[in-house]
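Subject: Structure handover

Hi,

Here is the structure for your next round of work. Please load it first, then read the notes below.

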Amino acid sequence: MARVGVFICHCGSNIASVIDVEEVARAAGELPGVVHAVTNKYACSINGQEAMKQAITDHKLDRLVIASCTPRMHESTFRKMLTQTSVNPYMLEIANIREQCSWVHKDKEKATAKAIDLVRMSLAKVLKNQPLFTSTIPVHKKCLVVGGGIAGIQAALDVAEAGYEVTLLERESSLGGKMVMLDKTFPTLDCSACISTPKMAEAGAHPKIKLMTSCEIAAVTGYIGNFQVTIRQNPRYVNHDICTGCGFCEEKCPTKLKSEFDQGLGMRKAIYKLFPQAVPAKPVIDAEHCKKLTTGKCGVCAKLCPLACIDYEDKESFVTDTFGAIILATGYQLIDWPGSYPEYGQNADLISGLQFERLVNASGPTEGHIQRPSDGKEPKSVVIVKCVGSRDPAKAKAYCSRACCMYAAKHAHQILEKIEGAQVYIFYIDVRTPGKGYEEFYDKTRADGAVYIRGRVSKIYEEGGKLICKGEDSLIGKQVKVEADLVILETAMEPSPGSKETAALAGVSTDNDGWLNEAHPKLRPVETQTAGVFLCGTAQGPKDIPDTVAQASAAAAKVLGLLAKDNLETSPMISAVDTVKCCGCGFCEKVCPVKAITMVEIPGVYNGKRVTRGVAQVNSGLCTGCGTCAAACRTGCIDLLGFTNKQLLEEVDALWQI
């Protein structure tokens with residue numbers, strides 16, 4: 001006979017303030033199979049766990065029902081506790097009476113009755129549970145970091161410094177991301193390039209880091225500890241194995257184009273390095289604009305190259321490697337504001353915050369001199385518009401981009417510092433300064449003379465050689481009109497192009513805005529639901545640089561914890577196939593989101609003859625226990641261990657019989 005222990009958690013006042021926990025314990029004690037039913041103020045605490053372990057010994061319990069918060073929160077906690085007892089960790093059920101009862105009901109009597117029902121259902125299931133046992137898989141001690149911005153660089157360096165091999169993958173031709181485009185970083189006003197380019201150089205020269213630029217992920221198979229990743233090397237038309245980056249080819253190239261790195265404000269050649277401090281410091285050819293590749297003419301770079309590095313026949317290639325863990329640091333881009341805000345118009349002197357960063361940067365197209373793009377004159381009146389695309393669900397994004405408030409303050413400070421007699425007006429919705437030293441920096445910007453106007457800008461247009469910004473000052477309840485020589489739009493962050501596709505290849509979901517989803521926003525902020533895949537930086541959502549770097553190191557720490565193990569325990573709660581019932585239709589293989597099911601041939605006998613037939617086979621290392629295959633199976637031959645059809649129907653019957 002089963003001997004079940006039922007433990008009802010008060011969760012402080014979270015549960016006990018709405019549910020009569022003593023009544024739930026009394027009712028549970030009368031259910032068949034229950035030999036011990038008590039309450040506990042904090043079941044997940046050390047004292048609570050010790051009390052449960054003692055009860056297991058005293059009452060010879062062989063399975064448990066714990067009525068508490070969501071199993072997503074503490075089921076793993078209680079399973080680890082059971083490994084120190086005689087009870088199999090999977091002979092446990094969690095009745096969620098916090099989220100499903102106390103947090104959604106106010107009527108104590110009805111909430112208590114519902115909690116008793118949930119406990120009864122969990123008891124019915126746990127009586128049908130069978131012991132499950134973990135298995136182990138080997139760990140390949142190598143990490144792939146996708147994205148070469150400051151998040152990817154920091155994560156790669158942290159893992160490499162611990163002695164593990166890292167492949168650092170970057171889609172562009174150089175490391176750096178957005179941070180190297182910036183002039184100063186708030187609130188300390190450090191030179192952005194001065195603190196980021198040494199990191200880039202360190203990553204490029206590190207003996208444990210293999211740098212792969214102009215590359216993208218093409219395919220991912222395998223599972224935690226053993227990911228097989230196919231990487232696409234896009235053609236660069238320059239042999240980086242022998243190129244020394246001398247620059248002769250760039251000097252003589254006749255084609256000039258707008259520089260993406262300078263946000264269209266500067267020029268580059270068809271053969272170019274992304275920026276002077278690029279890592280690797282070697283050029284690539286823009287195939288869309290190279291005259292040799294588009295018309296068959298020119299070829300100056302090949303004629304001048306002293307080492308014959310130019311290869312016009314370069315093609316994309318693929319390489320497959322095995323990694324124990326993957327970190328996604330895919331970064332962000334700024335929204336296309338002309339598409340979302342046509343009322344702002346398009347004018348050469350209407351620029352984004354990132355364009356202003358290139359204008360004010362000493363290595364930018366104007367060598368740090370703030371000037372109007374239209375005529376090169378120094379602006380005396382500047383308007384900064386915050387939240388362009390942020391906190392505006394009607395036109396763009398509902399979320400706050402977090403860094404814009406401080407970037408606006410920094411830009412105002414730089415203008416007031418560099419242009420004598422300048423006037424700066426900042427239109428804002430709210431001012432958010434949550435970081436260390438941020439409020440003080442904001443106060444200093446106002447003290448320097450920046451004028452903050454609370455309200456949105458409704459229209460921007462040109463009149464008399466000026467840009468007219470019309471909006472509202474909501475603090476005084478009046479319409480305002482400000483004339484400006486230059487307007488800076490602090491635009492919203494959004495996921496970088498291709499990040500959603502990359503996430504899908506790695507088995508990571510995204511939210512409605514395209515940001516990569518973490519496993520749990522509080523307890524597992526850098527993990528994903530795909531074991532062995534981690535995320536950091538603005539791949540997850542808008543962040544400033546300090547938060548990005550901190551999260552990169554957190555992801556690296558998680559990877560180090562994984563790579564430090566020779567073998568990993570796998571969850572036994574995976575799909576199991578009854579090969580006798582399996583008809584070999586292969587539908588489960590098609591619907592499996594992690595490609596854990598394959599069709600295999602097994603021997604059999606038909607009409608007295610030996611034959612083979614196809615059946616489904618589950619890869620225990622890949623299976624995440626999502627249950628999609630069990631729901632889709634037409635013959636009902638697939639069960640999810642720990643959530644079998646028989647177990648779930650017992651829960652339904654227990655509720656139906658009430």
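Which residues lie nearest the centre of the second largest cavity? They are Cys-243, Cys-246, Cys-249, Cys-305 and Cys-309, out of 14 lining residues. Please keep in mind that this is a predicted model.

Cavities

The count comes to 6 cavities of 30 Å³ or more. The second largest, the one with the cysteines at its centre, has a volume of about 100 Å³. Its lining has 10 nonpolar, 3 polar and 1 charged residues.

The largest cavity has a volume of about 180 Å³. It is lined by 15 residues. Nearest its centre lie Tyr-332, Leu-334, Leu-354, Tyr-407 and Glu-490. Four elements give two or more residues each to this lining: strand S19 (332-334), helix H12 (353-360), helix H13 (404-418) and strand S27 (486-491). By class, the lining has 9 nonpolar, 4 polar and 2 charged residues.

Domains

The domain assignment splits the chain into four parts. Domain 1 covers 4-126, and domain 2 covers 142-327 + 500-563. Domain 3 is 332-494, and domain 4 is 575-641. The C-alpha centres of domain 3 and domain 4 are 59 Å apart.

Cores

In soluble globular proteins, nonpolar side chains tend to be buried together. Here the largest nonpolar core has 78 residues. Val-159, Ile-209, Ile-327, Ile-384, Ile-415, Ile-488 and Val-559 touch the most other members. Helix H6 (residues 150-161) gives the most to this core, with 8 residues. Domain 2 and domain 3 each supply at least three residues to this core. A second, separate core has 43 residues, including Ile-19, Ala-27, Phe-78 and Ala-95.

Ile-327 is worth a look in the viewer. Leaving out residues up to four places away in sequence, Ile-327 touches Cys-143, Leu-144, Val-145, Val-146 and Ala-155. It also touches Phe-534, Cys-536, Ala-555, Ala-556 and Val-559.

Gln-154

Gln-154 is found in helix H6. Is this residue buried or exposed? Its relative accessibility is 8%, under the 20% cut-off, so Gln-154 counts as buried. Beyond its neighbours within four places in sequence, Gln-154 is in contact with Lys-199, Val-549, Ala-552 and Ser-553. Gln-154 and Val-549 are 395 residues apart along the chain, yet their C-alpha atoms are separated by 6.5 Å.

Backbone points to check

Most residues other than glycine have a negative phi, and most peptide bonds are trans. The following go the other way.

- Phe-186 to Pro-187: this peptide bond is cis, with omega near -5°. Pro-187 lies in the loop between strand S8 (184-185) and strand S9 (190-191).
- Val-279 to Pro-280: this peptide bond is also cis, with omega about 5°. Pro-280 lies in the loop between strand S15 (271-272) and strand S16 (284-285).
- Cys-298: phi is positive, about 85°, and the residue is not a glycine. Cys-298 lies in the loop between helix H9 (291-295) and helix H10 (300-304). Cys-298 is partly exposed, with a relative accessible area of 32%.
- Glu-367: phi is positive, about 55°, and again the residue is not a glycine. Glu-367 lies in the loop between H12 and strand S21 (381-388). Glu-367 is exposed, at 58% relative accessible area.

Best wishes

Key. Residues numbered from 1 in each chain as written. Predicted model: local features only at pLDDT ≥ 70, side-chain atom pairs only at ≥ 80, totals over all residues. Heavy atoms only, no water. Core = buried A, V, L, I, M, F, W, Y, C linked by side-chain atoms within 4.5 Å. Buried < 20%, exposed > 50% of the residue type's maximum accessible area, 1.4 Å probe, protein only. Domains from an automatic or database assignment. Contact = heavy atoms within 4.5 Å. 1 Å grid on protein atoms, 1.4 Å probe; cavity = no way out; pocket = protein on both sides within 12 Å on 5 of 7 lines; lining within 4 Å. Points joined across faces, edges and corners; volume = space filled by probe spheres on them. Nonpolar A, V, L, I, M, F, W, Y, C, P; charged D, E, K, R; others polar.
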